[in-house]
Amino acid sequence: MPGLQIEDEDERLAAIRALNLFNTAPEERFDRVVRLAQHIFNVPYVAINLVGEHEHFTKAAAGDLFGAPMSTLPREESLCSVAIESDRTLEITDIRSDERFTDHPLRDNAELGYYAGAPLRTPGGQRVGSLCLIDNDSRRALSVGEQAMLRDLASWVERELATGADLEQGSEVQRRLLPRSIPDLPGWEVAGRCVQAGAVGGDFYDWLVLERSGNVQVALADVMGKGLQAALLAAGVRAILRGTSPHNSLAASIRRVADDMVGDLDELGSFVTFFAARFRPEDGAVEYVDAGHGLAFIIGPDREVHLESEGLPIGALPDEQWEIHEDRVGPGEALVIVSDGFLDVHGDHGTVMDVIQEALGRTEGADALAAELARGALGKATTDDVTVVVVRRSAA
Amino acid sequence: MQIEQSERDGVVVLATSGRFNMVSAPRIKARIDETVAAGNARIVVDLAGVDFIDSSGLGALIGGLKTARQASGDLRIAAAGDQVVTVLKLTNLDRILTPFDTVEAAVDGW
């Protein structure tokens, strides 16, 4: 077959890898396109095939004539592998009489008469796969209008590929912005979980050891709304907090976050609920500030305290002042901060406290407690992000 | 979500219903902005028909409150259900968005 040399195959394969879609489960955003194409073109089989180094992977398929979703086919047998050699739709109206495919392994497949494959490109122009139509028998060529419609559907798939890749990358970045190293504090454990409802979201938690005092700061914030806007604002809050906390008191730190974010929050009509606490490992003394978050607790075998306050969310009013409160985490107690996704699931903060108390009794260590709480919330139907931070002090 | 607009003693009442979330919040915020731009900066949002509000809904109310106050007016909310009141209390936003029991109470003495 002439003209089959693909330039920059390495770049193309890198683009395929970046999609992170090989060997992944079917997704409705692709399935609906193949269903629609099957209906529009009245063909028994439509697929979205991604062409990898050695084989093509069927990401979506309508009809059972050829490969099912998640199946693969060696590239030498794949017509989609041929279709990606050009930006134009490859159309084979009758494979048995088409001179270009005299030697193709599929030529003698009794179920294949007609093939049309529109290449799928990434924003960078890499042709990563094809949206293909297959019929058992030979078929008349697509009209100009049908060609355009197939191309439109392929563009739709391309947009899904691009958005998915961006969001997937954003999601990974957001995961990396969560703290990973665990502070080494004898008698104390710190752990967190953050499961965004979408690929990215407005929740985050953070902790850091304040080197000057040896105290530890933990924080949880929830930016209004969902998706990219919330995620970008959350990254801003985190960066300002990280920058200011080592050099300033808790009161000065929240003031700095509020003053620096107020313009962005006003511009985008958003606000942030925020809770931060600093504890002294020697004796468990805690100071905390709450900006409209309202879901922080100290729970232990002997007491349950809801750390309430009067503070408004950051961005609600420009001149808000936040008071610093004090408490103590005693031996065997835990400071637990959760996102309002827990409220959706459990109804009110009293129930949330009961759930934490029970989980505290069932688990040992902070990580097990955080995992248990997150699992309990995610098991129920919530469309909100689910985030939890746990500071747990050992009993002895 | 429907938005019904009426007027009572010179105060504009916007009645909404259903879920007040990221889908409906921008429409309500836009309606508040239009109302203020038209010269009516005293607004009551009637939440009697709202069974659920999320943070985007709260954002629309706070944004509307700011817009109204910038025009020397105010925004009040009326007839909020349990879930709405719970969320307002939790976030302490009931400090600036005082929930009135009824539209009449919100308009009364303004």
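The following exchange concerns a predicted model and the terms used to describe it.

Author: Residues are numbered from 1 along each chain as its sequence is written, while chains are lettered from A and ligands numbered from 1 in the order in which they are written. In this predicted model, local features need pLDDT of at least 70 and side-chain atom pairs count only at pLDDT 80 or more, whereas totals for chains, interfaces and linings use all residues.

Reader: Why is A:Ala252 called exposed, buried or partly exposed?

Author: A residue is buried if 20 or more other C-beta atoms, placed from the backbone, lie within 10 Å of its own, exposed if 12 or fewer, and partly exposed in between. A:Ala252 has 12 C-beta neighbours inside 10 Å and therefore counts as exposed. A:Ala252 belongs to helix 6 (residues 250-268) of chain A; helices are DSSP runs of H or I with at least four residues, and strands are runs of E with at least two, numbered from the N terminus.

Reader: What makes strand 8 and strand 9 of chain A a pair?

Author: Two strands pair if DSSP finds at least two bridges between them. Strand 8 and strand 9 (residues 216-223) of chain A are joined by 7 bridges and run antiparallel, so the definition is met. One bridge partner is A:Leu220 in strand 9, opposite A:Tyr205.

Reader: Why do strand 8 and strand 14 of chain A stand at the edges?

Author: The open sheet has 5 strands in the order 8-9-10-11-14 (chain A). Strand 8 (203-209) and strand 14 (325-328) each have a single partner strand, so one side of each lacks a neighbour in the sheet.
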